[in-house]
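The following exercises invite the reader to examine a protein model step by step. Each task is followed by a worked solution.

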Amino acid sequence: MPISPLRWEEGELFLLDQTRLPEACVEINPRTLESVREAIRALRVRGAPAIGLCAAFGVLVGVREKAPRTVAGAVRAAHESAAFLATARPTAVNLFKSLDEMKAVADAAANERTVEAFAARMEAAALRMLDEDLAIGRAIGECGAPLIHDGDGVLTHCNAGALATGGYGTALAVVYRAHEAGTRFQVYADETRPLLQGARLTVWELAQAGIDVTLICDNMAAQIMREGRVQLAVVGADRIAANGDTANKIGTYGVALLCRAHGIPFYVAAPISTIDPATPRGDDIPIEQRAPEEITEGFGRRTAPEGVKVYNPAFDVTPAGLIAGIITERGILRPPYEASIAGALKPL
């Protein structure tokens, strides 16, 4: 894929500012810990895997900014940076897992003789995580692509492609791999209110790849299902509970209910790292609340009366009973999810 939401070059982090898409492809270069956190918080980088990767490299930015003179000081700087970045957003579990991994690497590197050697070891760990993400995306695509057949209509919600990961995708990895295999199909992309990630990002991304995609408003999904245009739905995930309940962009739960009503299989595609065994069920997943202005004056234009009450959760939770399968790099997990998830989490 030619699209890369983030890169690390000569010791600096570069992010494709997704708030500027599709009008312009603009890279930003956050050089402070605060600017990395702001990039995550402001959705300049978004998507659970990409957030995790950005945070991993953000720890490197934080250590460099703090300029420790000793290895012990560098270890402290890594932990402090990780703690600060953990406050960026609450729902995507990949953020916290990536930070935990970077803290573990910092602790293991505490016996390095120089700060430079410590930094090199931390950098190698973050780069390894990026390489692993790309490989995982490819594997998810391989596992899920056979679900798409010639003539199918595939519905997706929000953006779970190259832009949301290290550069290949989760839900869209399934689409990309089917396309690469020569399968002919039609993608329907929900616009995904209120920030229009489907309209701004998914449609742009798929068009870049030459994939046949049609944009629809969120409230059109039921109608195209009724017309027989959709044969399966596939979405990403920000956190999957131990019982299979799945948090994803707000509106996903509604898509799953519509699929059930129309007899259409609804799939979730996500890496194993998105599964959080410490979260027993969906009710335990923290749901981020976003600013009311995203609804009342989205993209700079007021569309609601001043002072109106606003409820703006960024995510909802789809119960496991509505999910036909969870497509991972280790295969498609099927109900009962408590058992299949437990099996997938066992070390290889």
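**Exercise 1.** Determine whether Met-220 is buried, partly exposed or exposed.

*Solution.* Step 1: in this predicted model, Met-220 is located in the loop between strand 6 (213-216) and helix 8 (221-226). Step 2: its relative accessibility is 38%. Step 3: buried residues lie under 20% and exposed ones over 50%, so Met-220 counts as partly exposed. Step 4: as a further point of orientation, Arg-260 is 40 residues away from Met-220 along the chain, and the C-alpha atoms of the two are separated by 16 Å.

**Exercise 2.** Locate Gln-18, classify its exposure and list the residues that it touches.

*Solution.* Step 1: Gln-18 belongs to the loop between strand 2 and strand 3 (27-28). Step 2: with a relative accessible area of 1%, Gln-18 is buried. Step 3: leaving aside residues up to four places away in sequence, Gln-18 touches Pro-5, Leu-43, Arg-44, Val-45, Arg-46, Leu-163, Arg-200 and Leu-201. Step 4: the loop between strand 2 and strand 3 also holds Pro-22, and the peptide bond from Leu-21 to Pro-22 is cis, with omega near 5°.

**Exercise 3.** Describe how helix 1 (residues 33-41) and helix 2 (residues 48-66) are arranged with respect to each other.

*Solution.* Step 1: the two axes come within 8 Å and cross at roughly 165°. Step 2: angles over 145 degrees count as roughly antiparallel, and helix 1 and helix 2 are therefore roughly antiparallel to each other. Step 3: the crossing of helix 1 and helix 2 is left-handed. Step 4: on the side of helix 1, the contact involves Leu-33, Val-36 and Ile-40; these meet Ile-51, Cys-54, Ala-55, Gly-58, Val-61, Gly-62 and Glu-65 in helix 2. Step 5: by character, the residues of this contact are 7 nonpolar, 2 polar and 1 charged.

A general rule helps in reading such lists: an α-helix has 3.6 residues a turn, so residues three or four places apart point the same way.

**Exercise 4.** Describe in the same manner the packing of helix 2 and helix 4.

*Solution.* Step 1: the axes of helix 2 and helix 4 are 7 Å apart, and the helices pack at an angle of about 30°. Step 2: that makes helix 2 roughly parallel to helix 4. Step 3: helix 2 passes helix 4 in a right-handed crossing. Step 4: helix 2 contributes Ala-48, Pro-49, Ile-51, Gly-52, Leu-53, Ala-55, Ala-56, Val-59 and Leu-60 to the contact, and helix 4 contributes Asn-94, Leu-95, Ser-98, Leu-99 and Met-102. Step 5: the residues of this contact comprise 11 nonpolar, 3 polar and no charged.

**Exercise 5.** Identify the largest nonpolar core and the elements that supply it.

*Solution.* Step 1: the largest nonpolar core has 40 residues, and those with the most contacts inside it are Leu-13, Cys-54, Phe-57, Val-59, Met-102, Phe-118 and Met-122. Step 2: at least two residues of this core come from each of strand 1 (6-9), strand 2 (12-16), helix 1, helix 2, helix 3 (71-85), helix 4 (93-108) and helix 5 (115-144). Step 3: helix 2 gives the most to this core, with 11 residues. Step 4: Met-102 may serve as an example; apart from residues up to four places away in sequence, Met-102 touches Ala-56, Val-59, Leu-60, Met-122, Ala-125, Ala-126 and Met-129. Step 5: another core lies apart from this one and has 28 residues, among them Phe-266, Ala-320, Ile-323 and Ile-341.

**Exercise 6.** State how many residues of helix 6 (residues 171-180) are buried, and name them.

*Solution.* Step 1: helix 6 is mostly covered, as 7 of its 10 residues are buried. Step 2: the buried residues are Ala-171, Leu-172, Ala-173, Val-174, Val-175, Tyr-176 and Ala-178. Step 3: just after helix 6, Gly-182 takes a positive phi of about 95°.

**Exercise 7.** Examine the backbone at Thr-192, Pro-194 and Phe-299.

*Solution.* Step 1: recall that most residues other than glycine have a negative phi, and most peptide bonds are trans. Step 2: Thr-192 has a positive phi, near 70°. Step 3: Thr-192 lies in the loop between strand 5 and helix 7 and is buried, with a relative accessible area of 0%. Step 4: Pro-194 lies in the loop between strand 5 (186-190) and helix 7 (197-208), and the peptide bond from Arg-193 to Pro-194 is cis, with omega near 0°. Step 5: Phe-299 has a positive phi, near 60°. Step 6: Phe-299 is found in the loop between helix 10 (293-296) and strand 12 (315-318), and at 57% relative accessibility Phe-299 counts as exposed.

Terms used:
Residues numbered from 1 in each chain as written. Predicted model: local features only at pLDDT ≥ 70, side-chain atom pairs only at ≥ 80, totals over all residues. Heavy atoms only, no water. Axes fitted to C-alpha atoms, helices over the stretch in contact; angles between N-to-C directions. Helix = DSSP H or I, 4+ residues; strand = E, 2+ residues; numbered from the N terminus. Parallel < 35°, antiparallel > 145°, perpendicular 65-115°, else oblique. Left-handed = near helix turned anticlockwise from the far one by under 90°. Contact = heavy atoms within 4.5 Å. Nonpolar A, V, L, I, M, F, W, Y, C, P; charged D, E, K, R; others polar. Core = buried A, V, L, I, M, F, W, Y, C linked by side-chain atoms within 4.5 Å. Buried < 20%, exposed > 50% of the residue type's maximum accessible area, 1.4 Å probe, protein only.
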